[in-house]
Structures are given as structure tokens and as C-alpha cells.
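Subject: Structure for you to look through

Hello,

I am passing on the structure we talked about, and I would be glad if you kept it open beside this message while you read.

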Amino acid sequence: MIARWAKPGAVDWIGCRPARRADMEVFQSVQVSMAGLDGDRGKAGKRAVTLIQAEHLPAIAAYLGMETIAPSRLRRNIVVSGLNLASLKGRQVRLGSAVVELSVVCAPCSRMEEEFGSGGYAAIRGHGGWCAQVIEPGYIAVGDRVEPL
């Protein structure tokens, strides 16, 4: 049962961090290399790309006492909807023409306290998304399907 999924998800948002502590830059599409998203400061390996579920954004906002939260404030690369990322740990997932493998939980860091104030870290804990390794470079655009392989 754990290997099944109800329907494909979708890419809702794409962002890159060009440098450490730099503001996120939002894109409609991006090229993905083995090192991660072009224009991002990521490095090849298990943390090359970060993903978070759109469904978690309202929960994080609620924990922070906010109505909504912009994905760029969480500093993740890709927001997906319609698919439970936690169920895909260790599996390969196609995003557009790229393939990534969800490797480890993307835990919040102290930067979230800076961004949101006291309690920012706790609000995101358990909802911070996943890190992924690039298996096949490709191209990802907002609206692309997200499918487990």
C-alpha cells in the first residue's frame, strides 16, 4: 500500500537562493543539473534540491498566527501540491523532465527564528519539507506533473 499513490501532484512554485542569505528569486521554470537548480546555491548530493508541500503552508501560517505565508520565506526550492512527500522518502520522483530522489527531511534552521521571530523554528518543525538528490537533470516548470517512479 505504501508504494501506491492516488494521483500525480503538481509543481506550484519554484525559487532559488543565488547566494547565502540572499533573497529568493522566483521562477516560472528552471533547468536542473546534478548540482541542483540553475541559479541556486545548492550543491550536488542529497541536499541539492529542497521541496515542500503546498498543503503544509497553511499549517505553518496558523502556527505563526498568520493568515498566509509566502513560500519564499521558507527558503525551499519547489512547492508541490496534491502528493504526500513524506510517503515518497527514498523514492525517485519525476518533476517535469527531471528526476530527484527524496533523501532526508529538510529540518528548519535558526534562520526561521530570524525570519518569523520567536517560535518560527517550532512552527516549521515537521512541516519543513524534504531534501532531494538529482538523479536525472532536466527542466521543471510551474504546472508540471509530480509523479513517483
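Below is what was found, taken one part at a time.

Please bear in mind from the start that this is a predicted model.

A good place to begin is strand 1 (9-16). Six of the eight residues of this strand are buried, so strand 1 is largely enclosed by the rest of the structure. Its pairing can be followed strand by strand: with strand 6 it pairs in the antiparallel sense over four bridges, three bridges join it to strand 2, again running antiparallel, and with strand 11 (residues 145-148) it forms an antiparallel pair over two bridges. If you look for I14, you will find that its bridge partner in strand 6 is I78, while its bridge partner in strand 2 is F27. A10, in turn, stands opposite R145 in strand 11.

Next, the nonpolar cores. In soluble globular proteins, nonpolar side chains tend to be buried together. Here the largest nonpolar core has 24 residues, and the members that touch the most others are L37, L51, I78, L95 and I140. Two or more residues of this core come from each of several elements, among them strand 1, strand 3 (29-33), strand 5 (49-53) and strand 8 (98-105). A second core, separate from the largest, has 15 residues, including I60, I69, V79 and M112. To see one member of the largest core in its surroundings, turn to I140, which touches, leaving aside residues up to four places away in sequence, a set that includes V11, I14, V30, I78 and L95.

The largest pocket has a volume of about 500 Å³. Of the 22 residues that line it, R17, R41, R75, R76 and C109 lie nearest its centre, and the elements that give two or more residues to the lining are strand 5 and helix 2 (111-116). Sorted by class, the lining holds nine nonpolar, three polar and 10 charged residues.

Finally, two arginines deserve a look at their backbone. R75, which also appeared at the pocket, has a phi near 65 degrees, a positive value in a residue other than glycine, and R75 lies in the loop between helix 1 (57-63) and strand 6 (78-81). R21 likewise has a positive phi near 65 degrees, and its place is in the loop between strand 1 and strand 2 (25-27). Which of these arginines is buried, and which is partly exposed? R75 is buried because its relative accessible area is 11%, under the 20% limit, whereas R21, with a relative accessible area of 42%, is partly exposed.

Best wishes

Methods
Residues numbered from 1 in each chain as written. Predicted model: local features only at pLDDT ≥ 70, side-chain atom pairs only at ≥ 80, totals over all residues. Heavy atoms only, no water. Buried < 20%, exposed > 50% of the residue type's maximum accessible area, 1.4 Å probe, protein only. Core = buried A, V, L, I, M, F, W, Y, C linked by side-chain atoms within 4.5 Å. Contact = heavy atoms within 4.5 Å. 1 Å grid on protein atoms, 1.4 Å probe; cavity = no way out; pocket = protein on both sides within 12 Å on 5 of 7 lines; lining within 4 Å. Points joined across faces, edges and corners; volume = space filled by probe spheres on them. Nonpolar A, V, L, I, M, F, W, Y, C, P; charged D, E, K, R; others polar. Pairing = 2+ DSSP bridges.
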